[in-house]
Amino acid sequence: MASLLNPPLTLPQDKLNPGGVLAVSTSGIPSKNFQPSSTRWNHRRCLLMTAKTSVETDMLANDSVGTDAVDDKDFGVVCMHHVGILCENLERSLDFYQNILGLEINEARPHDKLPYRGAWLWVGSEMIHLMELPNPDPFTGRPEHGGRDRHTCIAIRNVSKLKAILDKAGIPYTLSRSGRPAIFTRDPDTNALEFTQVDA
């Protein structure tokens, strides 16, 4: 499965400014009115940022803006950084996300700085943050089809190959009801996951 996902990008440390942001030209980035389609979609169009391993408590105080700027709703959305997923048992979840889905741990992310157990997994250039915390959502009574539930969608290159991987592991899934190449499954904690096929 690892080959189905885009590999994580490594950012050259000598190209980062003191704030930890990669200096990238934005001339090729579409305007905010651009609506990507599945045929043109490419998550590498978003600017990539690296997160510092320590929390910068004074960052917001130093970067405060005047009240006039609040009327302008463009506050600089760049891309999705990560999705937080709750799990009851970190090892069981890692077995699923690493050994079934082929995701790799981002060793650069701090695991010991938070008051709960967790792991950061690469999904292309973005991440999933597994958090071993109590889940307020019920485990039973969820819709059979994950597309009718809260879900995280991951773009992949080959839905048929993932279907074979899930079949071999005995993991239930449903196919997209619209007929597009997409598959829905659940992790060991019933978190719904969608995998949609996109052009590489």
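**Exercise 1. The hairpin of strand 2 and strand 3**

Task: In the hairpin of strand 2 and strand 3 of this predicted model, determine which residue takes a positive phi.

Solution. Step 1: The hairpin has 2 residues between its strands. Step 2: Within this hairpin, Gly 124 takes a positive phi near 65°. Step 3: Strand 2 and strand 3 run antiparallel and are joined by 6 bridges. One pairing links Val 123 to Glu 126 in strand 3.

**Exercise 2. The surroundings of strand 2**

Task: Establish how many residues of strand 2 (residues 118-123) are buried.

Solution. Step 1: A residue is buried when its relative accessible area is under 20%. Step 2: In strand 2, 5 of the 6 residues are buried, so the strand is largely enclosed by the rest of the structure.

**Exercise 3. The open sheet**

Task: State the order of the 4 strands in the open sheet, and identify which strands stand at its edges.

Solution. Step 1: The strand order is 4-7-6-5, with mixed pairing. Step 2: The edges are held by strand 4 (151-156) and strand 5 (173-175); each has a single partner strand, so one side of each lacks a neighbour in the sheet. Step 3: On average, neighbouring strands of this sheet are turned by 20° against each other, direction ignored. Step 4: Strand 6 (residues 182-186) and strand 7 (residues 192-197) run antiparallel, joined by 5 bridges. Among these pairings, Ala 182 has Thr 196 in strand 7 as its bridge partner. Step 5: Helix 3 (residues 159-169) packs on the sheet and touches strand 4, strand 5, strand 6 and strand 7. The direction of helix 3 makes about 30° with that of strand 6.

**Exercise 4. His 145**

Task: Decide whether His 145 is buried or exposed, and locate the residue in the chain.

Solution. Step 1: His 145 lies in the loop between strand 3 (126-132) and strand 4. Step 2: Its relative accessibility is 6%, so His 145 counts as buried. Step 3: Leaving aside neighbours within four places in sequence, the contacts of His 145 are Thr 174, Leu 175, Ser 176, Arg 177, Phe 184 and Arg 186.

**Exercise 5. Cysteines**

Task: Determine how many disulfides the structure holds.

Solution. Step 1: The number of disulfides is 0. Step 2: Cys 87 is buried, because its relative accessibility is 1%. Step 3: Cys 153 has a relative accessible area of 42% and is therefore partly exposed.

**Exercise 6. Confidence**

Task: Identify where the pLDDT is below 50.

Solution. Step 1: The chain averages a pLDDT of 77, and 64% of the residues score at least 70. Step 2: The pLDDT is below 50 over residues 6-57. Step 3: This stretch has 61 contacts in the model beyond near neighbours in sequence. Step 4: Predicted coordinates should not be read in detail where pLDDT is low.

Definitions and conventions: Residues numbered from 1 in each chain as written. Predicted model: local features only at pLDDT ≥ 70, side-chain atom pairs only at ≥ 80, totals over all residues. Heavy atoms only, no water. Pairing = 2+ DSSP bridges. Axes fitted to C-alpha atoms, helices over the stretch in contact; angles between N-to-C directions. Contact = heavy atoms within 4.5 Å. pLDDT = per-residue confidence, 0-100. Buried < 20%, exposed > 50% of the residue type's maximum accessible area, 1.4 Å probe, protein only. Disulfide = S-S within 2.5 Å.
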